[in-house]
Amino acid sequence: GAIAYWREYNPKLHSEGIENPNSVPHAVILGLCGLEIEANEVEGWPSNLSEHEANLAARYALWELNGFPSWLPKLYDTFPQIVCDCFTTEIAWELKEQDTEAEPHYMLSDLAWHGQDLNGNLAKNVLKLLEHHTPCHVGTLEKCISILMRNEAIGDAELSNAAQHQLVRDKPSEQKAVWCAVLVSVAPTVGLQ
């Protein structure tokens, strides 16, 4: 029943406006259980999923507490663009729509602490998003930098260029300090000038 159920429910995401972001709906919990069961019991999972089902699974993954579900790396390996698109939408929302008073603890927190299995496409999207959006909180920027710096798909030259670009923009001094640290880390000669 749980395996059949997850396909019938479409979890609403934070970017779509949810009533209480600190509470996981019972329907999502049941769907996550169904996905976990299916991922463990169906041989070759997730190659049996349609693109629509893969998108649903990615939406469920965003509701997992304390990181991501154990089956997410397999889903990402099989449907990288679908997972990347779903996650990037939420990251963009988090960077643009966050409460200016309280630092958000949503996608970027999960990726910074638990997203090591997700490859460079997502990190490249984070870098592109930072070109156009200045986070309200320095902690949010630090999470983005953590994601970028630990990812092999983002080279020192890309980080150096991004940092130099960010340092000439009008930013809060705390954020300039973070970008300066990035620049010194990846291009010490340039950063110390």
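1. In this predicted model, Val 186 touches Met 149, Asp 156, Leu 159 and Ser 160, once residues up to four places away in sequence are set aside. Val 186 itself belongs to helix α10, and its relative accessibility of 13% places it among the buried residues, because buried here means under 20%. The C-alpha atom of Val 186 is separated by 18 Å from that of Leu 130, a residue 56 positions away along the chain.

2. Two of the residues touched by Val 186, namely Leu 159 and Ser 160, are also among the buried residues of helix α9, a list that further includes Ala 162, Ala 163 and Gln 166. Viewed down the axis of α9, the buried residues fall within an arc of 165°, and they therefore line one face of the helix. On the face turned away from this buried side, α9 carries Ala 157 and Asn 161, both of which are exposed. The cover over the buried residues of α9 includes α7 (120-132), α8 (138-149) and α10 (173-186).

3. The geometry of α9 can be checked against its length. Helix α9 runs over residues 156-167, and its twelve residues, at 1.5 Å a residue, should span 16 Å; the C-alpha atoms at its ends are 16 Å apart, in agreement with that expectation.

4. Turning to the aromatic side chains, the structure holds five aromatic pairs. In one of them, the ring centres of Trp 6 and Tyr 60 are 6.3 Å apart and the ring planes stand at 85°, so the pair is edge-to-face, the class for planes over 60 degrees apart. This pair links distant parts of the chain, since Trp 6 sits in helix α1 (residues 2-6) and Tyr 60 in helix α3 (residues 51-61), with their positions 54 residues apart in the numbering. Both Trp 6 and Tyr 60 are buried.

5. The rings of Trp 45 and Trp 71 form another pair, with centres 5.8 Å apart and planes at 80°, so this pair is likewise edge-to-face. Here too distant parts of the chain are linked: Trp 45 lies in the loop between α2 (26-41) and α3, whereas Trp 71 lies in the loop between α3 and α4 (72-78), and the two residues are 26 residues apart. Trp 45 counts as buried because its relative accessibility is 4%, and Trp 71, whose relative accessible area is 2%, is buried as well.

Methods: Residues are numbered from 1 along each chain as its sequence is written. This is a predicted model: local features need pLDDT of at least 70, side-chain atom pairs count only at pLDDT 80 or more; totals for chains, interfaces and linings use all residues. Side-chain values use heavy atoms; hydrogens and water are left out. Rings of Phe, Tyr and Trp (its six-membered ring) pair if their centres lie within 6.5 Å; planes under 30 degrees apart count as stacked, over 60 as edge-to-face and the rest as tilted. Helices (H or I, at least four residues) and strands (E, at least two) are DSSP runs, numbered from the N terminus. Buried means under 20% relative accessible area, exposed over 50%, partly exposed in between (1.4 Å probe, protein chains only). The expected span of a helix is 1.5 Å times one less than its number of residues. The arc is that of the directions from the helix axis to the C-beta atoms. Contact means heavy atoms within 4.5 Å.
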